[in-house]
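Q: Hey, can you walk me through this protein? I'm new to this, so plain words please.

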Amino acid sequence: MTFPPTSPLTSPPSFSLTEEQAAAGLAVARRTLELLRGVPEFDGRYDAFPGPSSLAELAALPPLAKDDLNTALAHLEPAAERGATWLFQSGGSTGAPKVGYAPTGFYMAKVFEHWRPLDRDDVFVNAWGAGRMWGAHFLAAGLADLSGCRVIALGSVTAEEYPEWLGFLADRRVTAIGGTPSVLRLWFAHARANGIELPSLRKVLWLGEAWQPQLEEDLAVVAPKARRHGMFGSTETWVVGSNSPDCPADTFHPFPHQLVHVGDGGLLDFTSLDPAMLNPVLRYRTGDAGELTSCPCGRPGPAMRVLGRRDNVVQIRGLGLHVDELLARVEREPGVSRAQVLVTEQGGRAKSVDVLVLGELPDDAAEALRRELLAGTFTLSTAFVHDPEHVRVRVVDALVSNERTGKTAGFAIREEA
Ligand SMILES: [Zn+2]
């Protein structure tokens, strides 16, 4: 590790800002540390640490996990300086909603200082779901407000409604749309299936999941002039960084009010340097692994490359199955647009593993793929050595999505009675 990076010849930086760039913002980190010290449940875990006055001191602080942040928020109950304090779903994909806080505006003014994908002439479709305490719809609305564009606040629609809405959007000559990649795929797949084109669409904003390369295939047909503009963030950190069509889809430029650190095991942690921040984000880990690197777009300064979630391992009969690796193989199969691992448990034990597939996959190709996955995946071949028929590849109409968060994860677990 180097603090700070001194020349391009040294190893990659472990912080997105230099000592000098971060110096003033560390006052916010010191204030956050004071708040965390006052949380009784943390039981003195911060006692030994001074308020950080350097990046090295910050890196020495214990990282925060999702549950920690919720414990702290339950105690702190922060309130916005002015305007409303909004409660949003934060973290965890199972169980009751956990809560993150944000003031009206959702910190997008700071984002807008550095990133302006929309302008006054845009007709922007906000397709992030609204309601259910989801934050993305509202932060996108905040960005649109700053951009002064026209907004169509669509939110989520049901499967039967797509063709009619797509016709409406084509008539309105929309120029921009934003949503999670899973939702955007539905929009463009329905447009393609119904022969609807959006020739005026130039910009596709996305946030909430990794970009899906299959989107490009549908876009090439439906909206050939559209290009992607991504944001990276979470309801805990809010928007950390963004990218442009010239950046790789997994690489984002962090904003100066967000300090990104690459810690042990390549895990990313985030520290807010924004004095208006309500969530106590101090070395907060989202579970994403990544690295700081230079971006091929040519923008100077370290960019954050997100390498996926380190926690995307599901336990099958006592063995860990690396879901991302398996899905990457399945999604390379011709005709497959997206896949998901569905584990069915009975009495707490994995009874079967289904690889659910969206797209076209003839029966013989599915069987060949199944055999290859069984043979090539240690966890599957070992765990199902006596009942390999319980590993299946199935073409389905829809993957299993989380009704609470609106996201479609790489794997789902179903308990069978
Ligand atoms: Zn870039």
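What follows is a chat about the fold of this protein.

A: Sure. One thing up front: this is a predicted model, where local features need pLDDT of at least 70, side-chain atom pairs count only at pLDDT 80 or more, and totals for chains, interfaces and linings use all residues. Residues are numbered from 1 along each chain as its sequence is written.

Q: Okay, how many helices and strands are there?
A: There are 12 helices and 19 strands. Helices (H or I, at least four residues) and strands (E, at least two) are DSSP runs, numbered from the N terminus.

Q: And what radius of gyration does the protein have?
A: The protein has 22 Å, which agrees with the value near 22 Å for a compact globule of 417 residues. That radius is taken over C-alpha atoms, and the globule rule is 2.2 Å times the number of residues to the power 0.38. Along its principal axes, the C-alpha trace spans about 60 × 55 × 45 Å.

Q: How much of the protein counts as buried?
A: 39% of the 417 residues. Buried means that 20 or more other C-beta atoms lie within 10 Å of the residue's own; exposed means 12 or fewer, partly exposed is in between, and C-beta atoms are placed from the backbone.

Q: Let's zoom in. Which residues of α10 are buried?
A: V323, L326 and V330 are buried in helix α10, residues 323-331. Seen down the axis of α10, the buried residues fall within an arc of 70°, so they line one face of the helix. The arc is that of the directions from the helix axis to the C-beta atoms.

Q: What do they pack against?
A: Their partners include β16 (336-346), β17 (349-359), α11 (363-376) and β19 (411-416). Contact here means that the C-beta atoms of two residues, placed from the backbone, lie within 7 Å. α10 lies across β16, β17 and β19, running at about 135° to β16. Axes are lines fitted to C-alpha atoms, for helices over the stretch in contact, and angles run from 0 to 180 degrees between N-to-C directions.

Q: What's the strand order in that open sheet?
A: The order is β18-β17-β16-β19, with mixed pairing. β18 (391-395) and β19 are the edge strands, each pairing on one side only. Two strands pair if DSSP finds at least two bridges between them.

Q: Do the details, please: how many bridges join β16 to β17, and how many join β17 to β18?
A: β16 and β17 run antiparallel with 10 bridges, while β17 and β18 run parallel with 5 bridges. In the first pair, V343 has V353 as its bridge partner, and T344 stands opposite S352. In the second, V357 stands opposite V395.

Q: What about the hairpin of β16 and β17?
A: That hairpin has 2 residues between the strands, and G347 takes a positive phi near 60°.

Q: New topic: why is β10 called largely enclosed?
A: Because 5 of the 5 residues of β10 (residues 258-262) are buried, the strand is largely enclosed by the rest of the structure. Q258, V260 and V262 are on one side, with L259 and H261 on the other. In a regular strand the side chains alternate between the two faces of the sheet.

Q: How does β10 pair with β11?
A: They pair in the antiparallel sense over 5 bridges, and Q258 stands opposite S272.
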